[in-house]
Amino acid sequence: MAIEQTFIIIKPEAVQRGLVGTVLTRFENRGLAIKRLEVRQIGRDLARVHYAHLRGKPFFEGVLDSITAGPVVLGVLEGENAIELVRQLLGATDPMKAAPGTIRGDYGTVLPYNVVHASDSPESAAREIGLFFPEG
Ligand code: ADP
């Protein structure tokens, strides 16, 4: 185990539903430190790069619509084993399959609305932190 940094996006529907504090509390409760935090609107071009691995999927444009639909809260969390830990706290991608007790299992509705994005590997964490915070 090692101290890691991971990248999160509290998605537009969750910001609109007033879930920012709830979601951040889940992370803080597990000892994760908030290293960066920012309210931003993600443009479609940036969304297309961020979700490049989904290009060609039938739901790709819908994912772009949902992540650009309003302000998001994005940030960097730090802690022991943070990348894997945060993914575990999120639960499965599909809120219908996410276990109760996980963030997506407790607050998600129906795809693509699953409350939070988090990096799924050290490589994507480094890539996403660089993409959204290019100034370093
Ligand atoms: P994760 O967000 O768990 O890393 P993916 O990278 O596979 O999952 O997908 C990115 C996002 O695309 C998901 O969080 C969700 O919002 C959306 N998505 C994934 N699969 C579907 C699907 N089958 N239908 C609609 N939206 C989806």
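**Exercise 1.** List the residues around the ligand and sort this shell by class.

*Solution.* Begin with proximity, where a residue counts as near the ligand if one of its heavy atoms lies within 4 Å of it: the residues found are Lys11, Tyr51, His53, Leu54, Phe59, Val63, Arg87, Thr93, Arg104, Leu111, Pro112 and Asn114. Next, sort them by class, with Ala, Val, Leu, Ile, Met, Phe, Trp, Tyr, Cys and Pro counted as nonpolar, Asp, Glu, Lys and Arg as charged, and the others, Gly among them, as polar; the shell then has 6 nonpolar, 3 polar and 3 charged residues.

The model is predicted, so local features need pLDDT of at least 70 and side-chain atom pairs pLDDT 80 or more, whereas totals for chains, interfaces and linings use all residues. Residues are numbered from 1 along each chain as its sequence is written, and side-chain values use heavy atoms, with hydrogens and water left out.

**Exercise 2.** Identify the polar contacts of the ligand's oxygen atoms with Arg104, Pro112 and Asn114, and state how much of the ligand the protein buries.

*Solution.* Take a polar contact as a pair of N or O atoms within 3.5 Å. From the side chain of Arg104, an N or O atom is 3.0 Å from a ligand oxygen; Pro112 contributes a backbone N or O atom at 2.8 Å from an oxygen atom of the ligand, and Asn114 a polar side-chain atom at 2.8 Å from a ligand oxygen. Of the 530 Å² that the ligand exposes when taken alone, the protein buries 80%, with areas from the Shrake-Rupley method and a 1.4 Å probe.

**Exercise 3.** Describe the peptide bond that leads into Pro112 and locate this residue.

*Solution.* The bond from Leu111 to Pro112 is cis, its omega being near 5 degrees. Pro112 belongs to the loop between α6 (103–107) and β4, where helices (H or I, at least four residues) and strands (E, at least two) are DSSP runs numbered from the N terminus.

**Exercise 4.** Trace the pairing of strand β1.

*Solution.* Strands pair if DSSP finds at least two bridges between them. β1 (residues 3–10) runs antiparallel to β3 (residues 72–80) over 8 bridges, with Ile8 opposite Gly75. β1 also pairs in the antiparallel sense with β4 (residues 116–118) over 3 bridges, and there His117 is the bridge partner of Ile9.

Key: Polar contact = N/O pair within 3.5 Å; in protein donor to acceptor, adjacent residues only side chain to side chain.
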